[in-house]
Structures are given as structure tokens and as C-alpha cells.
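This report describes a single protein chain, moving from its overall dimensions to selected residues. The sequence and the model are shown first.

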Amino acid sequence: MAALPLATTDLCDANPELITNGDLRVLQPIFRIYGKRQVFSGQIVTLKVFEDNALVIELVQKKGHGRVLVVDAGGSMRCANPGGMLTQWAHGNGWAGIIVNGCIRDVDDINACDIGVRALNTHPVKPGKKGTGEKNVPVAFAGARICDGEWLYADTDGILVSKTELTI
């Protein structure tokens with residue numbers, strides 16, 4: 001039997017000292033919820049790109065092993081990154097979720113997919129494919145610094161980032 005997902009409210013209530021010392025961070029409530037999986041968690045893989053999804057394509061084609069892809073797309077509101085096809089690849093390869101500091105597209109396809117997705121908004125224009133960006137680097141958005149290898153917990157109440165895997 002699979003373990004029940006941990007609620008972000010319960011994690012916050014059980015770990016006030018981690019919030020105080022910064023080992024547990026709450027992302028600002030700026031994201032919209034997409035995908036069928038509203039509750040998800042996993043170890044973080046970071047990606048920093050701007051209006052280019054070649055590195056996103058590269059990562060979602062690899063096995064996710066239940067991890068969460070955190071894409072700092074620079075908050076761009078001029079194009080989407082990723083879209084429905086990449087999200088379906090991520091789901092098929094075992095990624096638990098994708099957090100995007102930017103926009104997504106093909107929302108109906110994403111909402112039909114059993115993966116958790118958070119993004120700032122939607123946009124119909126696709127990004128470039130030059131291959132620019134950085135993998136596995138610290139990123140900062142939504143009021144928090146997020147590092148590769150940390151843990152992310154998301155549900156309908158919010159998104160948490162922790163230096164370590166959490167239990168209650």
C-alpha cells in the first residue's frame with residue numbers, strides 16, 4: 001500500500017523550527033494548478049532557462065524516478081515552456097511534477113495527464129530551441145532559493161521546499 005501524500009499544512013505545523021531557520025521554505029502563492037495530480041512531492045531537479053526549452057526536452061526524456069522538475073523560466077510571459085507533449089513525456093518517464101516560473105501551453109492536454117504542474121499562467125507561443133540554460137543549479141523565484149537535490153511538496157494549499165526529506 002502506498003503512503004498517503006503529506007499535506008503542506010501538516011508539514012508546516014509539524015516543522016515550525018525548520019521554517020524559522022530557513023530549511024523549509026514556502027513558495028509565494030503565485031502559481032496556478034494544472035494536471036490531474038494536485039498533490040505531489042519528490043526530490044528536485046533544477047533547470048534555469050529563458051524562452052528556450054531544449055534542456056527541458058532533454059530532461060523530460062530521461063527517467064524521472066518520482067522527482068520534480070523545477071524550471072526557472074525567468075518568469076517570462078512571452079512564451080510557454082513546457083507544453084502538453086513535454087508534460088506527457090515527463091509523466092510517461094516517471095516525473096512526479098513540474099514547477100514552472102513562467103507559462104505553459106496545451107492546457108487541455110496537461111490537465112488530462114496524471115502529473116502535477118504549477119505555472120504562473122498560460123501562453124500560446126512556443127519557446128526557442130537553442131539549448132541555452134543551466135542544469136542542476138540553484139534558482140530563486142517566488143520568494144525562495146531552490147537547490148537541486150532538495151525536496152518539494154505541493155498540494156492545493158501551497159508549495160514547500162525542504163533541504164531534507166520530511167516525515168510527520
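Of the 168 residues in the protein, 48% are buried. The model is a predicted one. Its secondary structure consists of five helices and eleven strands. The radius of gyration is 15 Å, in agreement with the value near 15 Å that a compact globule of 168 residues would have. Along the principal axes, the C-alpha atoms occupy a box of roughly 45 × 35 × 25 Å. The exposed surface of the protein comes to about 8,000 Å², of which carbon and sulfur atoms supply 51%. Among contacts with a separation of 6 or more, 75% are between residues 24 or more positions apart.

**The annotated position Asp106**

The UniProt record, an unreviewed entry, assigns the feature "binding site" to Asp106. This residue is situated in the loop between β5 (97–104) and α5 (107–111). Is Asp106 buried, partly exposed or exposed? Its relative accessibility is 34%; since the partly exposed class lies between 20% and 50%, Asp106 is counted as partly exposed. The backbone of Asp106 has a positive phi, near 65 degrees, although the residue is not a glycine. Apart from neighbours within four places in sequence, Asp106 is in contact with Gly83 and Gly84. With Gly84 there is a specific polar approach: the side chain of Asp106 reaches the backbone nitrogen of Gly84 at 3.0 Å.

**Further backbone features**

A cis peptide bond connects Asn81 to Pro82, with omega about 10 degrees. Pro82 belongs to the loop between β4 (68–72) and α4 (84–92). His65, which is not a glycine, has a positive phi of about 50 degrees. This histidine is placed in the loop between α3 (54–60) and β4, and its relative accessible area of 65% makes His65 exposed.

**The aromatic pair and Asn101**

How many aromatic pairs does the structure hold? There is one aromatic pair. The ring centres of Phe31 and Phe141 are 6.1 Å apart and the ring planes stand at 70 degrees, so the arrangement is edge-to-face. The pair links distant parts of the chain, 110 residues apart: Phe31 is in the loop between β1 (24–26) and β2 (32–34), and Phe141 is in strand β8 (residues 139–141). Both of these phenylalanines, Phe31 and Phe141, are buried.

Both members of the pair also touch Asn101. Asn101 is part of strand β5 and is buried, with a relative accessible area of 9%. Not counting residues up to four places away in sequence, Asn101 also touches Val71, Asp72, Ala73, Gly74, Gly75, Ser76 and Leu120. The C-alpha atoms of Asn101 and Ala119 are 6.0 Å apart in space, while the two residues are 18 apart in sequence.

**Asp114 and Glu150**

Two acidic residues complete the account. Asp114 is found in the loop between α5 and β6 (116–122). Its relative accessible area is 36%, so Asp114 is partly exposed. Leaving aside neighbours within four places in sequence, Asp114 is in contact with Lys36, Arg37 and His91. Asp114 and Thr87 are 27 residues apart along the chain, and their C-alpha atoms are separated by 9.6 Å.

Glu150 occupies the loop between β9 (144–146) and β10 (151–155). Why does Glu150 count as buried? Its relative accessibility is 7%, and buried means under 20%, so Glu150 falls in that class. Setting aside residues up to four places away in sequence, Glu150 touches Arg25, Gly42, Gln43, Ile44, Arg145, Val161, Ser162 and Lys163.

**Accessibility of the residues discussed**

The table lists the relative accessible areas.

| Residue | Relative accessible area | Class |
|---|---|---|
| His65 | 65% | exposed |
| Asn101 | 9% | buried |
| Asp106 | 34% | partly exposed |
| Asp114 | 36% | partly exposed |
| Glu150 | 7% | buried |

Terms used:
Residues numbered from 1 in each chain as written. Predicted model: local features only at pLDDT ≥ 70, side-chain atom pairs only at ≥ 80, totals over all residues. Heavy atoms only, no water. UniProt positions renumbered as here; feature names shortened; annotations may be inferred. Helix = DSSP H or I, 4+ residues; strand = E, 2+ residues; numbered from the N terminus. Buried < 20%, exposed > 50% of the residue type's maximum accessible area, 1.4 Å probe, protein only. Contact = heavy atoms within 4.5 Å. Polar contact = N/O pair within 3.5 Å; in protein donor to acceptor, adjacent residues only side chain to side chain. Rg over C-alpha atoms; globule rule 2.2 N^0.38 Å. Areas by Shrake-Rupley, 256 points an atom, 1.4 Å probe, with all protein chains shown as cover. Phe/Tyr/Trp six-rings, centres within 6.5 Å; stacked < 30°, edge-to-face > 60°.
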